[in-house]
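Colleague: Hi! I'm new to this one, could you walk me through it?
Modeller: Happy to, let's bring it up.

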Amino acid sequence: MSRFQRDELLELENAGWQALCDSTGGTFYGDLMTEDALFILVNGTAMTREQIAGSLNGSPGWDSYEITDARMIEVSEDVAALVYRATATRADLPEPFTAVMTSLYRRIEGRLRLALYQQTTITH
């Protein structure tokens, strides 16, 4: 039996996207990420937990987002990945941002923590 449920990972992803819409992503991800976690953005930039926590609060928020095609891959009894397609819009962008996202979670002392997040662009 799986120790992870796709819905619990999707709930965290939706909460993260909502924080990005509300311009509070720094606080959200600063709490969710492991100490050594990385965000790898579509432009190839790899950002640490500290960099993410310090840069996302107050950033322009997304107007809307949609998560589709979510799949969970259980790696071990304490690690699982969620892979999905996300499309997000913002008034200052000429077209929606669409990418495949991979979020790798570790269960540490019963709590899900984000260890690695990577974006692979579809639109650029």
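Modeller: One term before we start: contact here means heavy atoms within 4.5 Å. Also, this is a predicted model.

Colleague: Thanks! So leaving aside its neighbours within four places in sequence, what is Trp17 in contact with?
Modeller: Trp17 is in contact with Tyr29, Trp62, Tyr65, Ile67, Tyr84, Ala86, Ala88, Met101 and Tyr117.

Colleague: And which residues touch the most other members of the largest nonpolar core?
Modeller: Trp17 is one of them, along with Tyr29, Phe39, Tyr84, Met101 and Leu114, in a core of 30 residues. Two or more residues each come from α1 (6-21), α2 (25-32), β1 (33-40), β3 (64-76), β4 (79-89), β5 (97-108) and β6 (111-121).

Colleague: Which element gives the most to this core?
Modeller: That's α1, with six residues.

Colleague: Switching to the sheet, what is the order of its strands?
Modeller: It is an open sheet of six strands, ordered β2-β1-β6-β5-β4-β3, and the pairing is mixed. β2 (46-48) and β3 are the edge strands, each pairing on one side only. From one strand to the next, the twist averages 20 degrees.

Colleague: How many bridges join β1 to β6?
Modeller: Four, and the two strands run parallel. Met33, for example, has Leu114 in β6 as its bridge partner.

Colleague: Where do the helices go, then? Which strands does α1 lie across?
Modeller: α1 lies across β3, β4, β5 and β6, and runs at about 140 degrees to β3. α2 packs on the sheet too, touching β1, β5 and β6, with its direction at about 120 degrees to that of β6.

Definitions and conventions: Residues numbered from 1 in each chain as written. Predicted model: local features only at pLDDT ≥ 70, side-chain atom pairs only at ≥ 80, totals over all residues. Heavy atoms only, no water. Core = buried A, V, L, I, M, F, W, Y, C linked by side-chain atoms within 4.5 Å. Buried < 20%, exposed > 50% of the residue type's maximum accessible area, 1.4 Å probe, protein only. Pairing = 2+ DSSP bridges. Axes fitted to C-alpha atoms, helices over the stretch in contact; angles between N-to-C directions.
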